[in-house]
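User: I'm new to reading protein structures. Could you walk me through one, feature by feature?

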Amino acid sequence: MTKNIIAVKIESYLMPLIGELLTAGTLKVQCEKIGTTVDKLNAMDLQNLAPRLEQALVIFLGGDRARKVSRQILTMSF
Amino acid sequence: MNDTKIKPFTTEARSMLVISFTILILNILFYYFRFGGQQAILTASTLFPVVCSLFAVGSLVKIAFFLKTWDLTKAAWLMLAVGFLFWFLEQSTYAVYKLALGIAPVVPSVADIFWLCGIIPIFIALTLFIYGYHRTGFIIGSWLKYFFICLAISVLEIVLFYKLFMPVLYDPQINIAGKVFTLMYPVFDIFILMLAFFMVLITSLLGKGILSKPWKFLVTGFVLISVGDIIYSYYNWTGNYQTGSYLDITWNFGYLLIAVSAFYQKELMEKF
């Protein structure tokens with residue numbers, strides 16, 4: 001479990017949606033894809049991470065709702 | 001959604017679930033006690049699927065129109081709606097044959113053509129769901145599990161080939177069109193069953209995540225419908241199927257669970 005505050009916020013947001021297993025796996029993989037790690041995730045990275053998570057949620061929520069989730073994730077740096 | 005808390009599911013989807021179980025229990029009780037004799041059983045076994053498929057098509061159309069943006073998700077739910085519309089027409093046609101005309105339709109009938117028109121968009125819809133999940137980049141779990149599903153489906157295919165396909169193919173009393181339409185049911189159902197099991201694996205990865213809820217009902221519905229269809233094909237061929245068989249319940253409850261899944265999908269999206 002990471003102690004990075006932004007990652008913790010994202011994890012606690014995604015976990016009720018996609019479950020523990022996928023949250024951990026997805027966050028790790030997507031962080032790697034944007035050239036960082038879960039522990040080093042910072043506010044700037046969210047600009048790249050949020051659209052990727054939005055894309056991942058489209059099949060479950062449709063484009064509009066996935067975009068809302070993405071916007072919600074973008075606010076997690078504050 | 002202004003905060004990061006996810007609201008729990010509310011009344012609409014749960015009400016549909018309660019209605020589904022009520023219809024299921026009524027269906028079981030009716031078949032068990034056989035109220036009103038054979039004619040009543042014939043009427044009930046003909047009308048239950050019409051009502052249940054109507055629930056499915058109604059709720060699927062609702063969710064298809066609720067999704068505003070044209071994307072993979074809308075396409076998948078719309079395809080399901082189109083498929084179930086044809087299956088509702090199939091069940092309604094059977095009702096006209098049996099109750100209004102008083103005849104048992106000969107394969108291939110108009111009802112069979114509706115069924116065929118329905119299975120194609122349903123097949124596309126399930127494929128879109130699986131493809132859509134694959135595109136997410138989420139983990140897909142062990143390939144071994146997918147391999148075992150394919151293996152089990154292949155074994156089922158071989159068993160059906162010897163027990164059903166061969167006798168039907170070599171039956172001189174059935175014409176070519178009859179053979180094609182008799183065999184299309186189990187053939188297509190096996191593929192639907194395979195896709196449904198793939199979705200079961202995917203859904204299991206989502207654990208208790210609320211995004212999995214609509215899919216859980218959806219795949220359970222499809223497994224019930226496909227298994228029911230495959231068993232029916234065999235029973236019908238061997239002459240063991242009787243009107244008012246408990247087997248009907250698999251389709252009826254399957255249709256209702258599809259309706260429940262659409263309700264949960266709509267409620268899920270309303271949370272955001």
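Analyst: Let's go from whole chains down to single residues. Keep in mind that this is a predicted model.

User: Okay, chain A to start. How many helices and strands does chain A have?

Analyst: A good habit is to list the pieces before anything else. Chain A comes out with two helices and zero strands.

User: And how do I judge whether chain A is compact?

Analyst: You compare its radius of gyration with what a rule for globules gives for that length. For chain A the radius is 11 Å, close to the 12 Å that the rule gives for 78 residues, so chain A is as compact as a globular protein of that length. The C-alpha trace of chain A spans about 30 × 25 × 20 Å along its principal axes, and 41% of its 78 residues count as buried.

User: How do H1(A) and H2(A) lie relative to each other?

Analyst: For a helix pair, look at the distance between the axes and the angle at which they cross. The axes of H1(A) and H2(A) come within 12 Å and cross at roughly 125°. The two helices are therefore oblique to each other. There's a handedness to read too: H1(A) passes H2(A) in a right-handed crossing.

User: Which residues make that contact?

Analyst: From H1(A), they include A:Ile6, A:Ile10 and A:Tyr13. From H2(A), A:Leu49, A:Leu53 and A:Ala56 are among them. Sorted by character, the residues of this contact are nine nonpolar, three polar and two charged.

User: Now chain B. What is it built from?

Analyst: Same first step, new chain. Chain B has eight helices and zero strands, so to speak a single pattern when you read from the N terminus: α-α-α-α-α-α-α-α. Its radius of gyration is 19 Å, close to the 19 Å from the globule rule for 272 residues, so chain B is as compact as a globular protein of that length. Its C-alpha trace spans about 65 × 45 × 30 Å along the principal axes, and buried residues make up 39% of the 272.

User: What can sequence separation tell me about contacts in chain B?

Analyst: You can ask what share of the contacts joins residues that are far apart along the chain. Counting contacts in chain B between residues at least 6 apart in sequence, 80% join residues at least 24 apart. For chain A, the corresponding share is 42%.

User: Are H6(B) and H7(B) roughly parallel or roughly antiparallel?

Analyst: Go back to the axes. Those of H6(B), residues 176-205, and H7(B), residues 212-238, come within 8 Å and cross at roughly 155°. Angles over 145 degrees count as roughly antiparallel, and H6(B) and H7(B) are therefore roughly antiparallel to each other. H6(B) passes H7(B) in a left-handed crossing.

User: Where do they meet?

Analyst: On the H6(B) side, the residues include B:Tyr185, B:Ile190 and B:Leu193. On the H7(B) side, B:Trp215, B:Phe222 and B:Ile230 are among them. The residues of this contact divide into 14 nonpolar, four polar and three charged.

User: Let's zoom in. Is B:Phe114 buried or exposed?

Analyst: For a single residue, you count the C-beta atoms around it. B:Phe114 has 20 C-beta neighbours inside 10 Å, so it counts as buried. B:Phe114 lies in helix H4 of chain B, residues 110-136. Leaving out residues up to four places away in sequence, B:Phe114 touches B:Phe86, B:Leu89, B:Glu90 and B:Thr93. Its C-alpha atom is separated by 18 Å from that of B:Phe222, which is 108 residues away along the chain.

User: And B:Ile158, buried or exposed?

Analyst: Try the same count there. B:Ile158 is exposed, because it has 11 other C-beta atoms within 10 Å. B:Ile158 sits in helix H5 of chain B, residues 143-169. B:Ile158 and B:Ala125 are 33 residues apart in sequence and 26 Å apart in space, C-alpha to C-alpha.

User: Last one: how many residues does each chain bring to the contact between A and B?

Analyst: For a contact between chains, count the residues on each side. Here there are 23 residues from chain A and 27 residues from chain B. On the chain A side, H1 (5-33) and H2 (46-74) are the elements that give two or more residues, and H2(A) gives the most, with 12 residues. That side divides into 13 nonpolar, six polar and four charged residues.

How values were computed
Residues are numbered from 1 along each chain as its sequence is written. Chains are lettered from A and ligands numbered from 1 in the order in which they are written. This is a predicted model: local features need pLDDT of at least 70, side-chain atom pairs count only at pLDDT 80 or more; totals for chains, interfaces and linings use all residues. Two residues are in contact if their C-beta atoms, placed from the backbone, lie within 7 Å. Helices (H or I, at least four residues) and strands (E, at least two) are DSSP runs, numbered from the N terminus. Ala, Val, Leu, Ile, Met, Phe, Trp, Tyr, Cys and Pro count as nonpolar, Asp, Glu, Lys and Arg as charged, and the others, Gly among them, as polar. A residue is buried if 20 or more other C-beta atoms lie within 10 Å of its own, exposed if 12 or fewer, and partly exposed in between; C-beta atoms are placed from the backbone. Axes are lines fitted to C-alpha atoms, for helices over the stretch in contact, and angles run from 0 to 180 degrees between N-to-C directions. Angles under 35 degrees count as roughly parallel, over 145 as roughly antiparallel, 65 to 115 as roughly perpendicular and the rest as oblique. A crossing is left-handed if the near helix is turned anticlockwise from the far one by less than a right angle, and right-handed if clockwise. The radius of gyration is taken over C-alpha atoms; the globule rule is 2.2 Å times the number of residues to the power 0.38.
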